[in-house]
Amino acid sequence: MKPDNFQSPDYYNLDELLTDEHKMVRDATREWVKKDVSPIIEEAAQKAEFPESIIKGLADIGGFGPTIPQEYGGAGLDQISYGLMMQGIERGDSGVRSTTSVQSSLVMFPIHEFGNEDQRKKYLPKLASGEMMGCFGLTEPDHGSNPSGMLTHYEDKGDHYLLNGAKMWISNAPFADIAVVWAKNENGRINGLIVERGMEGFSTPETHNKWSLRASATGELIFHDVKVPKENLLPGKDGLGAPLTCLDSARYGIAWGAMGAAMDCYDTALRYAKEREQFGKPIAGFQLQQKKLAEMITEITKAQLLTFRLGQLKNEGKASAAQISMAKRNNVDMAKTIASEARQMLGGMGITGEYSIMRHMMNLESVITYEGTHDIHLLITGNDITGISAFK
Ligand SMILES: Cc1cc2nc3c(=O)[nH]c(=O)nc-3n(C[C@H](O)[C@H](O)[C@H](O)COP(=O)(O)OP(=O)(O)OC[C@H]3O[C@@H](n4cnc5c(N)ncnc54)[C@H](O)[C@@H]3O)c2cc1C
């Protein structure tokens, strides 16, 4: 793979709106990605291997639990720092950002928000340091966009819960030490349970043959009469709202992250277009190529402004689920279009692993599907503005 010469676009001088802390987090993330991710990520993706070597570095930059308070081992950062970190990480690879998002927004967040003090103290510091890795089990083989229909369930057996069912498409599952699993009780209410690797009847087979997010490990969670200690139930919130609140946090990170992938594709295409000559001049001098580049930077700039404002709202506790939904949908779609256009600009070279674009392009196929598909997010916006649900 080519040396990582990435230069971040900032057409509307957004830097001027960032605090010193934001810039510090952003720069540390960029530096780490250049040093530890860029040199190894292409090979990991080609081999479809999760690069475990990155776990320590991710923990060191505060990538596990950026917004979790420091007393539990988190970085205690604000939402814009969190966003900038996700942007920087996904600039390297969406799979690496997925690992971080799952650990932070889908495992540490619910334990912090819905767990009790014993659970926070037991799990959060180890998750923050990367000593322990987690995954989040909501999707099932027959229930993806409609998780409320889930079949995974548990029964109260007096001194423990008995868990049965299966989850599918679970990021980090093959190596996770714990899983935050959403399951129904005897009354059909959804609750979160912390299931630990090693519990009898719990297995995590890996999902193979993915063309997308190849550097992120995906798997199933199978529960066959798993005895879960009662103290592993998250007591703070029940109902579908509990996992959906976690998804809001993760979707917010994706809205920022997808911009990172888009920026990397744009930056690569811009540099290539200035260097590559055809018909006696750089291809950047042809109007058709300039149109592509001009549209890319316009869309990236719009997405940056959207996301920055969303970060402000989130910091104030005012960002609605529908606002987060709109940003996730817009920015991932924008990144997918930019990746496709940028790939064409590199001609034949665009399909090789010499450049990051094709990897981003394939990764974004997962990002546009998980945490609510592109279509579902449109329906969330439609519901929000009309007051009428078109889901069913
Ligand atoms: C790489 C990867 C990692 C993932 N990681 C996780 C994870 O860590 N944890 C987890 O719980 N899940 C995870 N997922 C699952 C992901 O969230 C689901 O794939 C997603 O929610 C869609 O569900 P589905 O695949 O079953 O598609 P379906 O729900 O079957 O949807 C198929 C199509 O139908 C459309 N559709 C569905 N309902 C409607 C409707 N009412 N109106 C119009 N169109 C509709 C969808 O938009 C989609 O285009 C992951 C998925 C992938 C690919």
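Colleague: Which strand does S1 pair with, and do the two run parallel or antiparallel?

Modeller: This is a predicted model, so keep that in mind as we go. S1 is joined to strand S4, residues 178-184, by four bridges, and the two run parallel. To place one pair for yourself, find Phe136, which sits opposite Val180 in S4.

Colleague: Where do the residues of S1 point, and are they buried or exposed?

Modeller: The general idea is that side chains in a regular strand alternate between the two faces of the sheet. Here, S1 covers residues 134-137: Gly134 and Phe136 point one way, while Cys135 and Gly137 point the other. All of them are buried.

Colleague: Okay, pockets next. What volume does the largest pocket have, and which residues are closest to its centre?

Modeller: Its volume is about 1,300 Å³. The lining has 45 residues, and Thr139, Gly144, Ser145, Glu371 and Gly372 are the closest to the centre. Elements giving two or more residues to that lining include helix H4 (94-114), strand S3 (160-171) and helix H10 (374-386). H6 gives the largest share, seven residues.

Colleague: How do the lining residues of the largest pocket divide by type?

Modeller: There are 20 nonpolar, 18 polar and seven charged residues.

Colleague: And what about the second largest pocket: how much space lies in it, and what lines it?

Modeller: About 360 Å³. Of its 21 lining residues, Lys2, Pro3, Thr268, Arg271 and Tyr355 are the closest to the centre. H6 supplies the largest share here too, with six residues. By type, this lining splits into six nonpolar, five polar and ten charged.

Technical notes. Residues are numbered from 1 along each chain as its sequence is written. This is a predicted model: local features need pLDDT of at least 70, side-chain atom pairs count only at pLDDT 80 or more; totals for chains, interfaces and linings use all residues. Side-chain values use heavy atoms; hydrogens and water are left out. Buried means under 20% relative accessible area, exposed over 50%, partly exposed in between (1.4 Å probe, protein chains only). Two strands pair if DSSP finds at least two bridges between them. On a 1 Å grid over the protein atoms alone, a cavity is a set of points where a 1.4 Å probe fits but cannot get out, and a pocket is an open set with protein on both sides within 12 Å along at least five of seven lines; lining residues have an atom within 4 Å of a point. Grid points are joined across faces, edges and corners, and a volume is the space filled by probe spheres set on the points. Ala, Val, Leu, Ile, Met, Phe, Trp, Tyr, Cys and Pro count as nonpolar, Asp, Glu, Lys and Arg as charged, and the others, Gly among them, as polar.
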